[in-house]
Structures are given as C-alpha cells and as structure tokens.
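Trainee: Could we take a close look at one part of this model together? I would like to understand the place where the ligand sits.

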Amino acid sequence: MCGIVGAISERNVVPMLLAGLQRLEYRGYDSSGLALAQRGEFSRVRVAGRVADLAAKAAGQSALAGLAHTRWATHGAPTELNAHPHLGGDSVLIVHNGIIENHAALRTELLAQGYQFTSETDSEVIAHLVHHYLERSNDLLSAVQATIGRLTGAFAIGVLSRDYPDTIICARRGSPLVLGLGFGEQFFASDIAALLPVTQRMIYLEEGDLAELHRGEVRIFNAAGEPVTRQARTVDVAADSADLGHYRHYMQKEIFEQPVAITNTLQRVIELGCQPALFGPTAEALFVAAPAIRIVACGSSYHAGLVARYWIEEWTGLPVSVDIASEYRYRKGREQDGTLIVAISQSGETADLLAAMRSARERGDVKVLAICNVPHSTLTRESDLLFLTQAGLEIGVASTKAFTTQLVALYVLAAALASSRKTLSAAAEREISESLHRLPVLVEEVLAMDGQLEEWAQELAHYHNALFLGRHTLFPIALEGALKLKEIAYIHAEGYAAGELKHGPLALVDEDMPVIVCAARDELLEKLVSNMREVEARSGKVFLLAEPGCESAHPGAHRVLTLPAASGPLAPVVMTLPLQMLSYHTACRKGTDVDKPRNLAKSVTVE
Ligand code: F6R
C-alpha cells in the first residue's frame, strides 16, 4: 500500500509534501519520511510514526525538491530504519509504493557488489540499483529506466538524486500515480487527493509510464522508453474539507454525514428515476442483453454486493453470483458472453478488485459496471459503465457512508435492471423508486438513537467475542456489523445467517456470548424468533435491533432497540447505522484508535 508524493518548485516544498502526505495516510500510517534537496543540500527525515510526528521532526526544514512517503509495512516492521525514503549508495533517495517480488535475488546481487543494506524492506534494492546504474551512465533518466527493467512486481516510485537537484523522476507499473501540473512547479502523487490543494491540472500516468519532472516542464516516456504525450485534464473535484468540526473522530462525523451522502448519491436518481441511463449511455442495451450478473468486491464493499444479490434476483430473476475479488481472480471458470461484472469499490484502487476485473475480461466477452466513490480512479477509468456514489471524502479507515451509499447505488441498479428488462409491474417500479425518497429522513431518525447505542456499547465493551445474526438482506448486514466491531473495537465477532446457528456456532453460545440480532418485519421473522430462543435457552444474551412490528421477537431479549420505522427492502441500509454506532461507541469505550485502527489502511493497493 503506502502513499507517495513528490514536488519540485521555486518555493519551499516541505509544507506541500506534508499536507499531501496527510491526505494519503489512508493508504498506510505506520511510519513516514521525507527526502529533501536544495542547493547542494541533500537529506532525509524519517519517523516510526505518523505524518504529524514527521511534521514535528521536519520543523524548520526547507527544500526546492522533495519526496514523501507514508508506509503500510509489508517487508519489515514499522521502524525508522525501514521507513522510506531509502538511500542508494550515498546520493540517491527513493520512495516506493507496491511490492518488489524479485527483491531477494536483487539484494544478493547488490550485496555481492558491495552495497550495504540498512533495512529489511523490498524497496531498498531500488535505491541501490538506481545508484548502480547512475554510476555507469551519469544519466538519471536512463539509470531509472534500467532499474525499472530489473524489477518484477508492482510499483509506483519517486527518485531524487543529490547530483540532479533540478529533476525528480517517478514511474509506475501496477500501482497508481498521477502528475500535478503547476506554473514553475510540478508534482506527483499516488492519488489526486494529495495534489488538490496545489493544482487541479492532472495527468494520469498509464501502466509502465515514467515521468521526468523539472520546474518548468514534465517529460513522459512509455514502457518502451519512447517519449509520449498524455492528456492533461482539469479535475473538477473540490479539495474536501478534512475539518472534524465538533466531532471527536472522522468515523463519527462520517456516520452522521450519511443523510447528506445518501441525498447527494440520489440526486440524479430523484430527477430521472431508476433509469439505466444513470449508468452510462450504453447501459440499457447491456442490461437487456445480460444473461447473468457477477459481483466482485472486497471487505465491506463485498457485503454491499451480497445485499444486492437479493434485490437483483428478486426483481429481475437474473442469476447473480457474488465473489470476493481476491478469490475470484484465481478461479478458472469462463464467463458467459454479455455477463455484467459489477465491481464495487470505495477507493477504486483495491489491487485485488482491479485484478478480478481484468481477469473477468479474459474469461469472456463481459462488460464491467463500476460502483465507485472516487472519480478518475483506476476502476472508473477501466470500466464500461459507471455509477459514482457521492459519499465525499471518507477519512476514517472503516467504511461507513461509503458502504451505505454503495447499497443505495446497488438498489438503484437492481431497479434499473428490472426497468430495462420489464420484469416488474409499473406500480412495483414506482414503489421501489419512491421508497428512496424517504430514505434520508429514515436514516436521520436512526441517527437520533445514538445515545441508546452508546449505552449498549458500555456493556458490549466488556466482552471478548460477539455474534451477529440476520436473515435475507440482513444477513450481509450481520457480516458488516461483525466486521466493524472487529476492525475498530478489536473484539472478535462473526456474522451468520441466523438459520446457520444450529449448524455449528450455537456451540459457542453461553452467558459470555452477546448475540446482536437484526430483525426486519418480514416473512422470516418467526424463524428468527426461534433462533433467538435457541440462544436464550443457552444463556446467551440477545441484543435485538428490531423494526417496529417485530414485537413477537422481544420476549426474552436482554436489550431491545426498536427502530423508528420499518423500511421494507431498504432495511439493510437503515439497519447498518445502529451497527456502525454500536461499534464506534464500543471502540471509544475501549480507547482504540478509531480512525486509524492498528494494522489496517484505508486503501488496499497490494495483493
Ligand atoms: C471495512 C473496509 C474495508 C473495505 C475494503 C474494500 O470497513 O473499509 O473492508 O471495504 O478494503 O475497499 P474498497 O471499497 O476501497 O475497494
């Protein structure tokens, strides 16, 4: 994973590098560093800590060219010695995002040549290789090109040399990299977010590209080393405010932003209705022709896909399969021609998801529909059809508003598929569309229950394990509830389809096992009530989140929270909120780092 930034300017680049790095901390935050060059001075600053610690250590530093790195450790612990930038010989500094698969062989070779390694990282070989080739060629560009030719694996790199203080070089293969164009200054970064405070003119580098940045110009070369022109575009994205306001954590702020995020996501839907045109001009024809739907995603986005399967199957009759992207990419089956691949991702940069999408294209004549929150991300650029969720910048590592807006987008997709294929009556279509109008208000009402969930959390924080149960569309929401609790409160939790309980997990239930049950007012309620009785008969404590009208489910429940209203097929969206608040307050109670949970990163750009 990791995030990288580079800048060359006529002004001090250190504040810009630090601000850019802060915006990339979602990619990793266990150590960070700067490479700085100006008028004969060449230095690096590194900390085994976050960007705020780096900023403190770099106070008073200035440079006219520099590189910056925030790390998510893959090779070697998050120590200062393993932090980037890495030094090659005595004159080259590099930053790297990705994994160098042949690093062991290269390390052996470089050791034999007398290079000394000071870190356990795979990245340090890049620094020494550039130094090695630079010694021979006295040309930074060709030294970096020669280095890249030796690397296998995925990388986005930035290179700075003591002897070439008016140049920085960056290159990508398999990891994202964007250039930012200024006047008398140029930049690069893993993501446009890092550059938005300084420029909106961007060039997305293509696979295998290398760029040489000088203050007054950039030169780009393709994978074959030929000079190429890549289109510069003005990115119409606001540099979203990262202001916490009166909230204690970004996750809390983002939970409470959900009514607005959902309203924004629905803006065009309210104007047009659930129409295929929302997904692109060719969507209608592709929706009509699709023989099947394959959904691929990771983590919370995968849970959103699991919910969508119920909606699409019920409203269109189409066969739908949902796959974890990291598994799908290594499966071998063919895809039926015309299959619609629905790729769901908040970031649009998740490595396994991109690989799954590319693999699907090799298995048949398929079309890819992306549901994504980040415009211009790799996923959006490589897809045939697109629906952009409008969650806005999500800083907390745990997906909250990104997840619920994905659900909304998938609901619209299911309705648009049904509309194209004429599988629902006009009245049913209208009802589905109109149900969306009430959603932001329903969500607002559930947010008002925050205080009660804080009380539940005081109790939940004492347990070491928890089970989450649901049925039908609330089964994936049980999975999502368990994931949230694990990820930010560090409590072991599992989600189950309630009907599975007696096929194994019931053995775990005793007085130390809280069981959080999500109950909708639907035809499976009575079966869910039986499952709760089975839990209570084993002294398990039921924490029941119920839609009104689920009264028969109450009798023995340890705690009950009745939601303000039933929400029909939108129940999975509404039920997600109390689970988010429950995890959030439990994590606060336990004192964990809510926005940056240990060992995680927001965007998983390595396999
Ligand atoms: C959990 C969470 C992750 C992401 C997953 C996929 O709260 O945020 O499970 O959902 O890493 O990320 P995207 O959606 O960016 O592909």
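Trainee: Which domains give at least three residues each to the shell around the ligand?

Mentor: Happy to walk through it, keeping in mind that this is a predicted model. The shell takes at least three residues from domain 2 (244-445) and at least three from domain 3 (449-595). For orientation, the domain assignment also gives a domain 1, covering 3-241, and the centres of domain 1 and domain 3, taken over C-alpha atoms, are 45 Å apart.

Now to the ligand itself. It is surrounded by 14 residues, and the closest are S301, S345, Q346, T350 and E487. Sorted by class, the shell holds eight polar, four nonpolar and two charged residues.

Let's turn to individual contacts. In the side chain of E487, an N or O atom is 2.7 Å from an oxygen atom of the ligand. K484 also reaches a ligand oxygen, with a polar side-chain atom at 3.0 Å. With S300 the partner is in the backbone: a polar atom there lies 3.1 Å from an oxygen atom of the ligand. Taken on its own, the ligand has 400 Å² of accessible area, and the protein covers 90% of this.

As for the space, the ligand occupies the second largest pocket. Two helices, α9 (299-316) and α16 (474-489), are the elements that each give two or more residues to the shell. When you go back to the view, try following those two helices to the ligand, then pick out the contacts of S300, K484 and E487 with ligand oxygen atoms.

Key. Residues numbered from 1 in each chain as written. Predicted model: local features only at pLDDT ≥ 70, side-chain atom pairs only at ≥ 80, totals over all residues. Heavy atoms only, no water. Domains from an automatic or database assignment. Near = heavy atom within 4 Å. Polar contact = N/O pair within 3.5 Å; in protein donor to acceptor, adjacent residues only side chain to side chain. Areas by Shrake-Rupley, 256 points an atom, 1.4 Å probe, with all protein chains shown as cover. 1 Å grid on protein atoms, 1.4 Å probe; cavity = no way out; pocket = protein on both sides within 12 Å on 5 of 7 lines; lining within 4 Å. Sits in = over half its atoms within 2 Å of the grid points. Helix = DSSP H or I, 4+ residues; strand = E, 2+ residues; numbered from the N terminus. Nonpolar A, V, L, I, M, F, W, Y, C, P; charged D, E, K, R; others polar.
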